[in-house]
Amino acid sequence: MRTRIQILWTGLILAAFGVPALVAAPAQAAAQTGTVVGTVQSEEGPALSGVQITLPGTGLRVSSGADGSFRVANVPVGTHELRAFQLGFREARVQDVQVRAGEETQVDVTLETLPIALTGVVVSPGRRAQRQTEAPATVTRIEAGELEVMPGGSFADALKEVKGLDYIQVGVSGAAVNARGFNSSFNNRMLMMEDGRIAVLPESGLPLAGFTPIPQIDLAGMEVLVGPGSALYGPDASSGVISLESKDPMEYPGASVMATGGNRGYQNLQGRYAGVTDDWGYKVTAEYHRVNDFHNRLNYGTADEPLWEVGTGGNFDPDEPSGVDWETRAIRGQASLVYYMDESRVELGVGGSQNNGVGQTNVGRNQFDDWTYNYQQVRFTTPDWFFNAYRGQSQSGDSYALNRFTENRIADPGPSDDEIRLMSDWPSDGRILAAEVQNNFTLTALRGSEVTWGAQFRRDAVSSDRQWLTDRLTGEDVTINQVGVYGQAEVPITPDLRLVLATRVDEHDNYDTQISPKAGLVWSPSADQAVRFTLNRAFKSPTILQTNFWIPNFSPPIPGILPGIGVFHNTEGFEIRNADGEVLHEISPLVAESNLTWELGYRGVLGDRFLVDVAGYVGSYEDFLSPLVIFADPSGLGLDIFGFGEPTWAYWSDGTEVTDADGESQIPLTYFNLGDADVRGLDLGATFIATPRTELNATFSYIGLSGDGADAGPEAEATALNSPSTKWSLGLDAHDFGNFSGGATVRYVNGYHFNSGINQGRIPTHTGLDLSLNYDIPGTGLRINAAARNLFACGSDEPGGDRSCGIDQRHIQMVNMPAVGSVFLLGLRWDL
């Protein structure tokens, strides 16, 4: 089956070159050329500069000058269509432009004003700038202006109203996101990018999220691509891509300071200074963040025999302090030096962050204690080329697992808290060394086809201090190399119909070659209207935990009763044998999880006030990655998932038994592939310009399994949807009311069952109201930003509990994480 699919995709990829050649034949026959000249102005009369002028099917494009004039030379003789576009205006289309050999054809264009909220330019869908209407994917862009009126220091708050995105608040400033189902407490389905860097923790594969080194005050924008993104971005873009873009010193010069305070001891201070001297630009940014977060206490035991979570200095008595540090603290910042050369630039950048707080895992929670991240980067950008090289490093500091600390403390009260912490830590030092080259060009001879291609190299090196990865076995840091090559061609079939073909090939040290193709059609029958149909294959790679976990005797043996319990990676496969040596079952080596998604979407401006962006999709997932499970049991107690009813032993694929360093048998845990699932869903976003100063925004999403899921066991957890079947938001934004602006948003999330490790239960239906108010103090550069999040909410503070409504109504949005309530913030921003 896989071979047939690969043959099909190979044919589609080759078509990317064959189809353009066929449709280019008429263009190549026209050897004689002429020139198109003209001017562009707005409805009010002033000339417009920087307007993009294109003639579809020719590959020719220019921009209007300061006086609004433009000149397009070498236009093939014949009848053409001319299009003019600029952000904030409706695209103009001029039909029947007659071009004669050696002559100039005059075309004057008037652009109709259109609210910026209805237009947009995005980069992430095709790795190049293009009009959002014409992008072959579901994508949302959040501009700098939207971020600048938000008090506080969490960019995640801006994601609440992104269509198709699950937003899960787990603290005052902490949040988790996911798209299109199959969420978990250890989720790496969405790739995070920062200024072209892969922004992940190499020791776990998780996105940086709150560990980002970019202060909110330095964000120029964010893009959220929902749906498969592996065709251009490779591993871990199975469900989408979140891209953060920091501000350029030339585009955003000057000084900015923002201070925010709020309830729960909220403190946030950010600053940025940037400037340009001759051809050199520079910037420095910094942020300090602190808040007493919402908190709760887990029971790692049973209702009859509770084992209450403790940290350093904690007490098992539930009425006494737990010792868990719920004060979230972060410092972050970055600096860059840029050299500008006409349309090109070279940038050197450095940055880092240090974080403290609490984070959830599939087996409990981690206490982050001075967890650090840093990067160094050099980028060279021209209009057509992009060169990028960077190094990222993540270090766990004194962080430790609260669940292990709790278990170790109850097992042995004697050692000190520091000794127990060292027994419960997950020491890690993860480094990423990566480089990328990308090129964009236009094939004029092939009807102006837009081509993007590139190559990436990534090398991860991780040390667990010889404790919990295979560096414990080999004595050397774990190193993993990845190489990816990608390309995309957007081929005009007619002036209104484009064929999109893309593919990416990834080579990885720990699993087979992955091919991630994409094919699509985009039809633009009129200005600012487009229908898209796409087919994507994406994959989710196994994490380093799944390919390099190695902890024999994770739970020590009980002599004469129970062998030691060990955790082992699965890159070679296993055999399960009985006492006679008979092979009862085989477990294959891990392969990457994959999905194949069909999507039909429409984005268009109706009239001059209404924007609709809707996409329906059907996805087929296979080779899910299991949770950590026991697959053999020498004790014969029936602890293994297969239920053989007799003692069983684990063997590696080469026939050697899985043992500890002393050759003693183990009760082994590992990961393997199991299960598949089909989903269907709908994502809708809409904007209505009610008046020139007010706009309404709405989103709606539905997702469901196409069949019945597994009832129990590892397959039930691996294939659990873990997402709300429906969610919606409704927002009102108002601006230019004197010096005031503000907004209100209501968000609804339908209740759903969540199944991920020990985090199992029903997340109740919840609704929340957010309000914001901003005031610009005239002539000062000062702005007061105020926000009330979850001001009024409906929900429950426990799984499956009764639903209540009110101000500061505590409600849970994630199993085993604290119930969240109202957050009030007041900030002062000063732009110099």
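Which residue in S17 is the bridge partner of leucine 225? The views below take you there and to a few other spots in this predicted model.

**View 1. Leucine 225 meets its partner in S17.** The answer is valine 241, the bridge partner of leucine 225. Zoom out a little and you'll see the two strands involved: S16 covers residues 219-226, and S17 covers residues 240-246. They pair in the antiparallel sense, with 7 bridges between them. Strands of a sheet pair through backbone hydrogen bonds, and they can do so either parallel or antiparallel.

**View 2. Five strands line up in an open sheet.** Read the order as S11-S16-S17-S14-S15, with mixed pairing. Strand S11 (138-143) and strand S15 (197-198) sit at the edges. Each of these two has a single partner strand, so one side of each is left without a neighbour in the sheet.

**View 3. Proline 627 is tucked into a loop as a buried residue.** The loop runs between strand S37 (610-622) and strand S38 (629-630). Proline 627 counts as buried because its relative accessibility is 15%, and the cut-off for buried is under 20%. Leaving aside residues up to four places away in sequence, proline 627 touches Thr670, Tyr671, Pro714, Glu717 and Ala718. As for asparagine 374, it is 253 residues from proline 627 in sequence and 30 Å away in space, C-alpha to C-alpha.

**View 4. Tryptophan 830 helps make a nonpolar surface patch.** Its fellow members are Val257, Leu269, Tyr288, Ile331 and Leu832, and the patch spans about 560 Å². Tryptophan 830 itself lies in strand S50 (residues 823-831). At 39% relative accessibility, tryptophan 830 counts as partly exposed.

Note on methods:
Residues numbered from 1 in each chain as written. Predicted model: local features only at pLDDT ≥ 70, side-chain atom pairs only at ≥ 80, totals over all residues. Heavy atoms only, no water. Pairing = 2+ DSSP bridges. Helix = DSSP H or I, 4+ residues; strand = E, 2+ residues; numbered from the N terminus. Buried < 20%, exposed > 50% of the residue type's maximum accessible area, 1.4 Å probe, protein only. Contact = heavy atoms within 4.5 Å. Patch = residues over 30% accessible without salt bridge, like charges linked within 9 Å, V, L, I, M, F, W, Y side chains within 5 Å. Areas by Shrake-Rupley, 256 points an atom, 1.4 Å probe, with all protein chains shown as cover. Salt bridge = Lys/Arg side-chain N within 4 Å of Asp/Glu carboxyl O.
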